[in-house]
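Colleague: I am new to this one. Could you walk me through how to read it, feature by feature?

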Amino acid sequence: MILKSLRLTNFKNHSESLFEFSDRINCILGKNGIGKTNVLDAIYYLSFTKSAIGSPDRLAVTHDTPAFTLFGTYEKLKIALQFEKGKTKTLKIDGQEPDKLSDVVGKVPLVLVLPDDTLMIREGSEERRKFFDGALSQFDSEYLQSLLKYNKLLKQRNSLLKQQEMGFNSKLLETYDDQLIPLAKIISAKRNDLKEVFLPYLQKNYTDLHEGGEVPELNFKSHVTEDFDQKFKSNVQKDVVMQRTLLGSHKDDFEFLLDGELIKRFGSQGQQKTFILALKLALYDFLTEKTDKKPLLLLDDIFDKLDDSRIQLLISLLLDSNRFQQIFITDARKKRSKELFKEEKEINFIEI
């Protein structure tokens with residue numbers, strides 16, 4: 001999938017910007033804070049209808065303006081997204097509004113690498129679930145809809161649990177539980193299956209980036225096992241006391257290991273950076289195979305997080321046009337990017 005052009009109107013610090021892109025490598029250059037990352041976030045918005053950094057839509061609107069608009073012209077379709085303060089977000093694909101905003105997910109597969117991605121290792125399970133949920137959602141619409149329904153029901157159930165002082169509605173709680181339990185089974189089963197098929201992609205990419213002989217592994221931990229129905233229902237009183245749902249797919253976790261040890265505890269900074277980059281490149285290869293489309297690859301300020309040897313290994317991978325198609329890279333050091341990609345003919349340097 002190729003993004004030909006992108007127009008931003010009142011999006012963050014871009015009051016009106018139009019970008020034309022190369023089909024291969026696009027280097028977005030400029031000083032820190034000038035809006036390079038915002039261009040990548042706009043591209044991400046068009047694939048997922050939300051910001052990559054999890055900030056509310058209202059914060060993406062340029063100061064003192066009522067709305068932002070994003071318009072992307074792709075090789076085979078056009079996507080327009082608008083958010084106006086106080087109103088619902090609207091989306092059009094080739095001029096038509098889909099039934100749901102989530103219908104756009106998977107239309108343009110995308111992999112984004114951010115400077116703070118190593119937080120996925122160091123922070124709680126939510127960040128790791130978010131990564132694998134994003135992987136599944138881009139090719140499995142059943143999974144995406146199950147996840148959206150589950151999260152909505154979970155929010156409603158937790159809200160009910162917090163209202164016990166006002167008179168507890170046990171019948172309504174049972175209604176939520178009867179819907180949550182089967183959804184949890186679908187979600188956790190698909191996550192567990194993903195771990196098995198994803199691991200070879202991770203191991204190959206880690207080896208490509210680092211020749212130290214270390215072996216990355218993934219573990220999946222979940223409460224949602226064969227006896228989940230019984231465990232969930234017998235835990236209701238604890239849920240009532242704690243005023244939140246204590247068991248379910250929202251507690252699933254993926255463990256990252258290197259040579260059998262948790263990289264969170266024992267991995268060096270270099271090993272953690274390499275693991276995360278290998279994870280993202282593995283996602284690229286995985287989505288390429290699953291969707292039969294080459295995802296957009298977005299690399300934000302990636303060179304400042306790698307040493308020279310890893311940068312050279314990464315560049316040698318990116319220059320493989322048979323594997324990677326369209327790439328977007330941000331860099332504050334123009335001279336560095338021009339030197340690194342001096343052998344690439346199909347490259348577009350965009351200075352902001």
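Colleague: Let me start with the enclosed space. Which element gives the most to the lining of the largest cavity?

Modeller: First, the general idea. Rolling a probe the size of a water molecule over the atoms shows where empty space is left. Now the case here, in a predicted model. Helix H1 gives the most to the lining of the largest cavity, with three residues. That cavity holds about 40 Å³ of space. The structure has one cavity of 30 Å³ or more.

Colleague: Which residues line the largest cavity?

Modeller: The lining is made by Thr-37, Leu-40, Asp-41, Ala-52, Ile-53, Leu-112, Leu-114 and Asp-300. By type, five are nonpolar, one is polar and two are charged.

Colleague: Back to H1. How many of its residues are buried?

Modeller: A residue counts as buried when its relative accessible area is under 20%. In H1, twelve of the 13 residues pass that test, so the helix is largely enclosed by the rest of the structure. Among them are Leu-40 and Asp-41, along with Tyr-44, Tyr-45 and Phe-48. Lys-36 is buried too.

Colleague: What span does H1 reach from its first C-alpha to its last?

Modeller: H1 reaches 19 Å with its 13 residues. That is close to the 18 Å expected at 1.5 Å a residue. Just after the helix comes Thr-49, with a positive phi near 60 degrees.

Colleague: Now the open spaces. How much space lies in the largest pocket?

Modeller: The largest pocket has about 1200 Å³ of space. Its lining counts 37 residues. Nearest its centre lie Tyr-44, Lys-50, Lys-130, Phe-131 and Gly-134. Tyr-44 is also one of the buried residues of H1.

Colleague: Which element gives the most to that lining?

Modeller: Helix H3 does, with eight residues of the lining of the largest pocket. H3 covers 125-137. Other elements that each supply at least two residues include H1 (36-48), strand E7 (110-113) and helix H9 (269-291). Helices H2 (119-122) and H4 (141-161) also do so. The lining divides into 19 nonpolar, eight polar and ten charged residues.

Colleague: What about the second largest pocket: what is its volume?

Modeller: The second largest pocket has a volume of about 190 Å³. It is lined by 15 residues, and Pro-115, Asp-117, Thr-118, Lys-273 and Lys-305 are the closest to its centre. Here H9 gives the most, with five residues. The types are seven nonpolar, three polar and five charged.

Colleague: H9 turns up twice. Is Lys-290, which lies in helix H9, buried or exposed?

Modeller: Lys-290 is in between: it is partly exposed, with a relative accessible area of 43%. Its C-alpha atom is separated by 9.1 Å from that of Gln-138. Those two residues are 152 residues apart along the chain.

Colleague: Next, sheets. What order do the strands take in the open sheet?

Modeller: The general idea again. Strands of a sheet pair through backbone hydrogen bonds, either parallel or antiparallel. This open sheet has five strands in the order E7-E11-E12-E3-E13, with parallel pairing. E7 and E13 (347-351) are the edge strands, each pairing on one side only. Neighbouring strands are turned by 15 degrees against each other on average, direction ignored.

Colleague: How many bridges join E11 to E12?

Modeller: Four bridges join E11 (residues 296-300) to E12 (residues 327-331). Asp-300 stands opposite Thr-330 in E12. Asp-300 also lines the largest cavity.

Colleague: And where do antiparallel strands appear?

Modeller: Look at strand E8 (residues 216-221), joined to E9 by six bridges. There, Phe-220 stands opposite Phe-254 in E9. E9 is also joined to E10 (residues 261-262), by two antiparallel bridges. Leu-258 stands opposite Glu-261 in E10. The hairpin of E9 and E10 has two residues between the strands, and Asp-259 takes a positive phi near 55 degrees.

Colleague: Which way do the side chains of E9 point?

Modeller: Asp-253, Glu-255 and Leu-257 point one way, while Phe-254, Phe-256 and Leu-258 point the other way. Six of the six residues of E9 are buried, so the strand is largely enclosed by the rest of the structure.

Key
Residues are numbered from 1 along each chain as its sequence is written. This is a predicted model: local features need pLDDT of at least 70, side-chain atom pairs count only at pLDDT 80 or more; totals for chains, interfaces and linings use all residues. Side-chain values use heavy atoms; hydrogens and water are left out. On a 1 Å grid over the protein atoms alone, a cavity is a set of points where a 1.4 Å probe fits but cannot get out, and a pocket is an open set with protein on both sides within 12 Å along at least five of seven lines; lining residues have an atom within 4 Å of a point. Grid points are joined across faces, edges and corners, and a volume is the space filled by probe spheres set on the points. Ala, Val, Leu, Ile, Met, Phe, Trp, Tyr, Cys and Pro count as nonpolar, Asp, Glu, Lys and Arg as charged, and the others, Gly among them, as polar. Two strands pair if DSSP finds at least two bridges between them. Axes are lines fitted to C-alpha atoms, for helices over the stretch in contact, and angles run from 0 to 180 degrees between N-to-C directions. The expected span of a helix is 1.5 Å times one less than its number of residues. Buried means under 20% relative accessible area, exposed over 50%, partly exposed in between (1.4 Å probe, protein chains only).
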